[in-house]
Amino acid sequence: MHCPYCRETDTRVIDSRVAEDGTSIRRRRSCAACQKRFTTVEQMQLTVLKRSGATEPFTREKAVTGVRKAYKGPRSVCGVHNYSDTNRFRQTGTKAIIKALGCKQIWLTEAGGLYKFVGYKADQKRQLKATKYMFKVAKANKKIKRLYVYSWFGAPRSARFDSGLINPNGTPRKAYAEVRKHVK
Ligand SMILES: [Zn+2]
């Protein structure tokens, strides 16, 4: 990454934000040579590595077709781990996968509410909101019979990802109380 002002290659990231739809990251950078600041946008480009060794861009249609092919024939229980829905307050991906699978029963693994992630600051209220939404997703689909919440322990401050229900020192976060409500 060159500085647009002086072409220096030594630049420092001072802030990163993930766009609402999760497919791009805006980074605020500072140049080590001239100290000027500028913004870069990284667009996510998912690539699928094929068995032949060739690569092709990821498309949802192809992914769904692939899942369908892999699950030919009746299956009674399928595990689904689509952790990207809950924290964006949507269920389109989960719905599409469940439909494509055609299983009688779904066991859903969810990341639960994100407490902290790259571009997301630590926020218990947002985590609680996403955790509530996770139960909404599970209740909205009759095929979902089990819900696995990930994860129990919070990560250390330096970690990139943290969806723990309790802090590393054992004190509960707001999302913990929400999960407790649903556990009998
Ligand atoms: Zn510069």
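This short talk walks through the two domains of one protein chain, then a nonpolar core, and then a single glycine.

Please keep in mind throughout that what we are looking at is a predicted model. The domain assignment divides the protein chain into domain 1, covering residues 11-43, and domain 2, covering residues 59-182, and the C-alpha centres of these two domains are 28 Å apart. Where they meet, five residues of domain 1 are in contact with five residues of domain 2. On the domain 1 side of that contact, strand E1, residues 11-18, gives the most, with three residues, and by class this side has two nonpolar, two polar and one charged residues.

Let me turn to the largest nonpolar core, which has twelve residues in all, among them Val-80, Ile-97, Leu-108, Leu-114 and Tyr-133. Strand E7, residues 105-110, and helix H3, residues 124-140, are the elements that give two or more residues to this core, and H3 gives the most, with five. As general background, nonpolar side chains in soluble globular proteins tend to be buried together. If we stay with Leu-114 and leave out residues up to four places away in sequence, Leu-114 touches Asn-87, Tyr-120, Gln-127, Ala-130 and Ser-163, and of these Ala-130 is itself listed in the core.

Finally, there is Gly-102, which lies in the loop between helix H2, residues 92-101, and E7. Is Gly-102 buried or exposed? Gly-102 counts as partly exposed, because 15 other C-beta atoms lie within 10 Å, whereas a buried residue would need 20 or more and an exposed one 12 or fewer. Along the chain Gly-102 and Asp-123 are 21 residues apart, and their C-alpha atoms are separated by 36 Å.

Technical notes: Residues are numbered from 1 along each chain as its sequence is written. This is a predicted model: local features need pLDDT of at least 70, side-chain atom pairs count only at pLDDT 80 or more; totals for chains, interfaces and linings use all residues. Domain bounds come from an automatic or database domain assignment. Two residues are in contact if their C-beta atoms, placed from the backbone, lie within 7 Å. Helices (H or I, at least four residues) and strands (E, at least two) are DSSP runs, numbered from the N terminus. Ala, Val, Leu, Ile, Met, Phe, Trp, Tyr, Cys and Pro count as nonpolar, Asp, Glu, Lys and Arg as charged, and the others, Gly among them, as polar. A nonpolar core is a set of buried Ala, Val, Leu, Ile, Met, Phe, Trp, Tyr and Cys residues joined through C-beta atoms within 7 Å.
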